[in-house]
Amino acid sequence: MSKKIVIATVILTLLAFVFTACSAGAPDMYLSDITGHENHYVQFFPSNTASCSEEGSLGYYYCHHCNQYLSPLAPFEKITKSQAVIEKIPHDFQDNICKRCGFDCTLGLSFLPTADESGYVVSGDKNLLSSSLVIPQSYQGKPVVEIAEKGFANCTSLEDILVPDSVIKIGKFAFEGCNPKSITLPFVGESEEENRFLGYIFGAEFLHSADTKIPTSLRIINLGDKCKVIPRASFRGCANLLSLNLNKVEKIEIGAFSGCVSLEEIVVSSIENWLAINHASPIPSPFSLFIEGEEIKNVKVEDGAEVKAFAFANCISVETLVLSKNIKIFDASALENSGIISITFEGSQSEFATKTDLSKIKIPLFFGEE
């Protein structure tokens, strides 16, 4: 047998081994011939309903090389996570046990009283925890207010983490060594006042080291009702973050999403809440806006509202704006690199000119009154 044949045989054997290893437990994963994803490992997820423990699917392909969701139909175009995945059904807890699935969220957790015994500090045993961590709001009648320093460090089984709004402090490096796909937080960092950057809870002593500490697995961040401010550079290092739920955030400080190059969808509670946010700088990557799972394409701005700086900058889902004649202000920077193709102002051109700089608006304008 020639040397070339031997080498070729070895290479083919290694490739077969790699394919088998990558496909283990996932027979629907294969090397793709989809345009733009040639020779990437792509996995098909058939349609199925969601449960408390598992996401559902609308039917989609997922490219593990590009970290992209793809349409199940030719030409298999890129789609957003919300167009592919059905979110898990929230647990319905009574006495910390889910009435839907029977999950006991206290299993694997330890609770120590705070110094004044007004609440509890929680930590976890990595050998007892499942893939889902739901820290309870309360335990034995008192609130859970703190996560211990390194309280869940190296709990590598965790895929989903939920920290309730009752928590007012997340201890240093609380989730160091964890690799969650999603996390729900009441604030970003240690607390609302201290170490206000996400990397801190994953093992970064300082902001500049966050790039090396944020788990590459992290795809989804949900912010709780208490979170009103996203601090400066707070999501630095979240290079693979795909989806962010802002909930009731009121202010986004400059560079908050620095390095979030994969962010493609932002979820808000309402258009009114989105318009009320003060954006110190644009979202750095093209994104779509969602409300309750629906991609927003047309926006009506009601009386008394403002379209503030960078409001729709880099937003590619919104296509049309209809503005009440009684809006307060329209900052033209709101349109930077957006997908908006037309604006209708329900008043006259002269009225609109008192609310914005018309010379900076380069897309078609329509008026309800002439």
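Trainee: Leaving aside its neighbours within four places in sequence, which residues is Glu-159 in contact with?
Mentor: Remember that this is a predicted model, numbered from 1 along each chain as its sequence is written, and side-chain values use heavy atoms, without hydrogens and water. Local features need pLDDT of at least 70 and side-chain atom pairs 80 or more, while totals for chains, interfaces and linings use all residues. Contact here means heavy atoms within 4.5 Å. With those sequence neighbours set aside, Glu-159 touches Ser-131, Pro-180, Lys-181 and Ser-182.

Trainee: How far apart in space are Glu-159 and Pro-180, C-alpha to C-alpha?
Mentor: Pro-180 is on the contact list of Glu-159. In sequence, 21 residues separate the two. From C-alpha to C-alpha, though, the distance is 4.0 Å.

Trainee: Where along the chain is Glu-159 found?
Mentor: Look at the strands on either side (a strand is a DSSP run of E, at least two residues, numbered from the N terminus). They are E14, residues 142-147, and E15, residues 160-162. Glu-159 belongs to neither, as its place is the loop between E14 and E15.

Trainee: Why does Glu-159 count as partly exposed?
Mentor: Buried is under 20% relative accessible area, exposed is over 50%, and partly exposed is in between (1.4 Å probe, protein chains only). Glu-159 falls in that middle class because its relative accessibility is 34%.

Trainee: On to the sheets. Which strands stand at the edges of the five-strand open sheet?
Mentor: Two strands pair if DSSP finds at least two bridges between them. This sheet runs E1-E2-E4-E5-E6, with antiparallel pairing. An edge strand has a single partner, so one of its sides is left without a neighbour in the sheet. That describes E1 (29-31) and E6 (78-79).

Trainee: And inside that sheet, which residue in E5 is the bridge partner of Cys-63?
Mentor: Start with the strands: E4 covers residues 60-63 and E5 covers residues 68-70. Three bridges join them, and they run antiparallel. Across in E5, Cys-63 is partnered by Gln-68.

Trainee: Which strands are at the edges of the open sheet of four strands?
Mentor: Here the order is E26-E28-E30-E31, and the pairing is parallel. An edge strand pairs on one side only, which picks out E26 (298-301) and E31 (365-367).

Trainee: Which residue in E28 is the bridge partner of Lys-300?
Mentor: E26 and E28 (residues 320-323) run parallel. Four bridges join the two strands. In E28, Lys-300 has as its bridge partner Val-322.
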